[in-house]
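Let us read a structure together, one feature at a time. Keep the 3D view open as you go.

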Amino acid sequence: MECASFVRRLPRNFGRALIWIYRHTLSPLVGYNCRHLPTCSVYGDEAIERFGLWGGGWMTLARLLRCHPFGTSGIDNVPQTRPPGARWYLPWRYGRWRGVNENG
């Protein structure tokens, strides 16, 4: 039973490992200047942990595309539940492509 759970979490753990490597290698060289709280790497790590590599990866992509000089800024937390209409075959619906949290 535990082996099946481990195998199921492999993609998720791989995505989180890539973020960990970025945080400890490239991020200090680029600088800490994210326009959002939490930072994009923390957001990505949490999104992938909560929704898996596929859904969380699309959420992270949408967040990264909003993080530019003319993009959004402010508090932008990972949603607690899967966005309405998000399915594995409609992955773009996982992402919030405009704005930040509805409440914040």
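The dialogue below covers aromatic pairs, one arginine and a pocket in this predicted model.

Q: How many aromatic pairs are there in this model?

A: Rings pair if their centres lie within 6.5 Å. By this rule there are two aromatic pairs. One joins tryptophan 54 and tryptophan 58, with 6.1 Å from centre to centre. Their planes stand 70 degrees apart, and the pair is edge-to-face.

Q: Where do tryptophan 54 and tryptophan 58 lie?

A: Both are in helix 4, which covers residues 40–66. They sit four residues apart, about one turn of the helix.

Q: What makes a pair edge-to-face rather than stacked?

A: Look at the angle between the planes. Over 60 degrees counts as edge-to-face, and under 30 degrees counts as stacked. Now take tryptophan 88 and tyrosine 89, another aromatic pair. Their planes are 85 degrees apart, so this pair is edge-to-face too. Centre to centre, the rings of tryptophan 88 and tyrosine 89 are 5.6 Å apart.

Q: Are these four rings' residues buried or exposed?

A: Check the relative accessible area. Buried means under 20%, exposed means over 50%, and partly exposed is in between. Tryptophan 54 has 48%, so it is partly exposed. Tryptophan 58 is partly exposed because its value is 25%. Tryptophan 88 reaches 64%, so it counts as exposed. Tyrosine 89, at 49%, is partly exposed.

Q: Where is arginine 98, and is it buried or exposed?

A: Arginine 98 is in the segment after strand 2 (74–75). Its relative accessible area is 76%, so arginine 98 is exposed.

Q: How far apart are arginine 98 and glycine 71 in sequence and in space?

A: Sequence distance and space distance are separate readings. Along the sequence, arginine 98 and glycine 71 are 27 residues apart. In space, their C-alpha atoms are 8.6 Å apart.

Q: What is the volume of the largest pocket, and which residues are closest to its centre?

A: Start with the general idea. Rolling a probe the size of a water molecule over the atoms shows where empty space is left. Here the largest pocket has a volume of about 380 Å³. It is lined by 14 residues. Closest to its centre are Tyr22, Ser27, Thr39, Cys40 and Ser41.

Q: Which elements give two or more residues to the lining?

A: They are helix 2 (10–24), helix 3 (26–30) and helix 4. Helix 4 gives the most, with four residues.

Q: How many lining residues are nonpolar, polar or charged?

A: The lining of the largest pocket has seven nonpolar residues, six polar ones and one charged.

Technical notes
Residues are numbered from 1 along each chain as its sequence is written. This is a predicted model: local features need pLDDT of at least 70, side-chain atom pairs count only at pLDDT 80 or more; totals for chains, interfaces and linings use all residues. Side-chain values use heavy atoms; hydrogens and water are left out. Rings of Phe, Tyr and Trp (its six-membered ring) pair if their centres lie within 6.5 Å; planes under 30 degrees apart count as stacked, over 60 as edge-to-face and the rest as tilted. Buried means under 20% relative accessible area, exposed over 50%, partly exposed in between (1.4 Å probe, protein chains only). On a 1 Å grid over the protein atoms alone, a cavity is a set of points where a 1.4 Å probe fits but cannot get out, and a pocket is an open set with protein on both sides within 12 Å along at least five of seven lines; lining residues have an atom within 4 Å of a point. Grid points are joined across faces, edges and corners, and a volume is the space filled by probe spheres set on the points. Ala, Val, Leu, Ile, Met, Phe, Trp, Tyr, Cys and Pro count as nonpolar, Asp, Glu, Lys and Arg as charged, and the others, Gly among them, as polar.
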